[in-house]
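This report walks through a single protein model. It takes up exposed loop residues, a helix and its packing, and the empty spaces.

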Amino acid sequence: MAKILGISTSPRKNKNTEFLIKKALENIKNCETKFISLAELEVKPCTSCDACKEKPECTIQDDMQKIYPSLRNCNGLIIGSPVYFGNMTAQCKALIDRTLVLRRHKMALRNKVVGVIAVGRSRNGGQELVARSIQSAFLVHECLIVSDQETAHFGGLAHEPAEKDEIGLKTVINLAKKVESLVLQLNK
Ligand SMILES: Cc1cc2nc3c(=O)[nH]c(=O)nc-3n(C[C@H](O)[C@H](O)[C@H](O)COP(=O)(O)O)c2cc1C
């Protein structure tokens with residue numbers, strides 16, 4: 001069965017980003033899903049040591065080592081970040097930078113389907129830029145980026161409290177269904 005991984009990159013447990021990633025995964029009916037939250041894990045920034053130029057491993061021994069197998073094995077990824085000063089969280093950026101090893105060794109994320117969720121306190125607090133920044137990183141991995149298209153254009157974009165943001169929830173559910181649909185088409 002095809003696999004879709006959901007990653008929340010908020011440092012806060014059981015808050016808006018986790019809620020939205022879980023909402024997305026709940027709406028996926030025909031793929032296996034897995035949820036990872038960085039609120040409980042430590043992912044340090046890339047130090048550009050370049051060890052991964054030689055070996056297909058990252059030398060930093062932290063919780064990213066547990067995330068690599070899930071990233072390698074999934075067919076689709078739904079990743080979400082809160083807006084922090086108009087961009088993604090430091091935790092989200094650290095995770096993305098640590099995927100360099102996957103790019104350097106056989107472009108391991110190439111052709112995986114990626115959807116992005118962003119949540120801010122404000123209605124227009126920078127969610128679009130967060131989505132576009134994260135999408136840019138996964139374009140570098142040659143991933144297949146999908147969006148909500150119906151109302152948000154750039155992904156699942158919401159404001160807090162996320163459970164009351166009806167339009168935001170709709171964009172998240174649309175995004176999840178689109179990620180699933182493309183994953184299923186590509187993995188018949
Ligand atoms: C350091 C920091 C910067 C923030 N900057 C913004 C911002 O630029 N725009 C915005 O709408 N919300 C901003 N927020 C609010 C968070 O995006 C918002 O509370 C979000 O729902 C948090 O997600 P979480 O509940 O999953 O942790 C900021 C919060 C923090 C802690």
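Lysine 106 is exposed, because its relative accessible area is 81%, over the 50% cut-off. The model is a predicted one. Lysine 106 sits in the loop that runs between helix 4 and strand 4. Its phi is near 65°, a positive value in a residue other than glycine.

**Backbone exceptions**

Most residues other than glycine have a negative phi, and most peptide bonds are trans. Asparagine 14 also has a positive phi, near 55°. This residue is placed in the loop between strand 1 and helix 1. Asparagine 14 counts as exposed, because its relative accessibility is 55%. A cis peptide bond joins glutamate 160 to proline 161, with omega near -5°. Proline 161 belongs to the loop between strand 6 and helix 6.

**Helix 6 and its packing**

How far apart are the end C-alpha atoms of helix 6? They are 30 Å apart. The helix has 21 residues, 166–186, so at 1.5 Å a residue it should span 30 Å, and the two values agree.

The buried residues of helix 6 are Gly168, Leu169, Thr171, Val172, Asn174, Leu175, Ala176, Val179, Glu180 and Val183. An α-helix has 3.6 residues a turn, so residues three or four places apart point the same way. The buried residues of helix 6 pack against helix 1 (16–26) and four strands: strand 1 (3–8), strand 3 (76–82), strand 4 (113–120) and strand 6 (156–159).

Threonine 171 deserves a closer look. This residue belongs to helix 6. Is threonine 171 buried or exposed? Its relative accessibility is 2%, so it counts as buried. Its side chain makes two polar contacts listed here. One reaches the backbone nitrogen of leucine 157 at 3.0 Å. In the other, a polar atom of the threonine 171 side chain lies 2.6 Å from the backbone oxygen of glycine 168. Beyond its neighbours within four places in sequence, threonine 171 touches Asp148, Thr151, Ala152, Gly155, Gly156 and Leu157.

**Alanine 94**

Alanine 94 is part of helix 3 (residues 90–97). With 7% relative accessibility, alanine 94 counts as buried. Which residues does alanine 94 contact, leaving aside its neighbours within four places in sequence? They are Val43, Lys44 and Pro45. Proline 45 is 49 residues away from alanine 94 in sequence, yet their C-alpha atoms are 4.5 Å apart.

**Cavities and pockets**

How many cavities of 30 Å³ or more does a search of the whole structure find? There are two. The table gives their volumes with those of two pockets.

| Space | Volume |
|---|---|
| Largest cavity | about 130 Å³ |
| Second largest cavity | about 40 Å³ |
| Largest pocket | about 320 Å³ |
| Second largest pocket | about 250 Å³ |

The largest pocket has 15 lining residues, and Arg123, Asn124, Ala152, Leu157 and Ile167 are the closest to its centre. Helix 5 (127–140), strand 6 and helix 6 each give two or more residues to this lining. By class, the lining of the largest pocket holds four nonpolar, eight polar and three charged residues. Two of the names recur: Ala152 and Leu157 are also among the contacts of threonine 171.

The second largest pocket is likewise lined by 15 residues, with Pro82, Val83, Tyr84, Arg121 and Glu160 nearest its centre. Helix 1 and strand 4 each supply at least two lining residues. This lining divides into five nonpolar, six polar and four charged residues. Glu160 is also the residue that precedes the cis bond to proline 161.

The largest cavity is lined by 17 residues. Those nearest its centre are Cys46, Cys49, Cys52, Cys58 and Thr59. Which element gives the most to this lining? Helix 4 (residues 100–104) does, with three residues. The lining of the largest cavity counts nine nonpolar, three polar and five charged residues.

Around the second largest cavity stand Leu71, Cys74, Leu77, Leu109, Lys112, Val114, Phe138 and Cys143. Seven of these lining residues are nonpolar, none is polar and one is charged.

Technical notes: Residues are numbered from 1 along each chain as its sequence is written. This is a predicted model: local features need pLDDT of at least 70, side-chain atom pairs count only at pLDDT 80 or more; totals for chains, interfaces and linings use all residues. Side-chain values use heavy atoms; hydrogens and water are left out. On a 1 Å grid over the protein atoms alone, a cavity is a set of points where a 1.4 Å probe fits but cannot get out, and a pocket is an open set with protein on both sides within 12 Å along at least five of seven lines; lining residues have an atom within 4 Å of a point. Grid points are joined across faces, edges and corners, and a volume is the space filled by probe spheres set on the points. Ala, Val, Leu, Ile, Met, Phe, Trp, Tyr, Cys and Pro count as nonpolar, Asp, Glu, Lys and Arg as charged, and the others, Gly among them, as polar. The expected span of a helix is 1.5 Å times one less than its number of residues. Buried means under 20% relative accessible area, exposed over 50%, partly exposed in between (1.4 Å probe, protein chains only). Contact means heavy atoms within 4.5 Å. A polar contact is a pair of N or O atoms within 3.5 Å; within protein, one must be able to donate a hydrogen and the other to accept it, and residues adjacent in sequence count only if both atoms are side-chain atoms.
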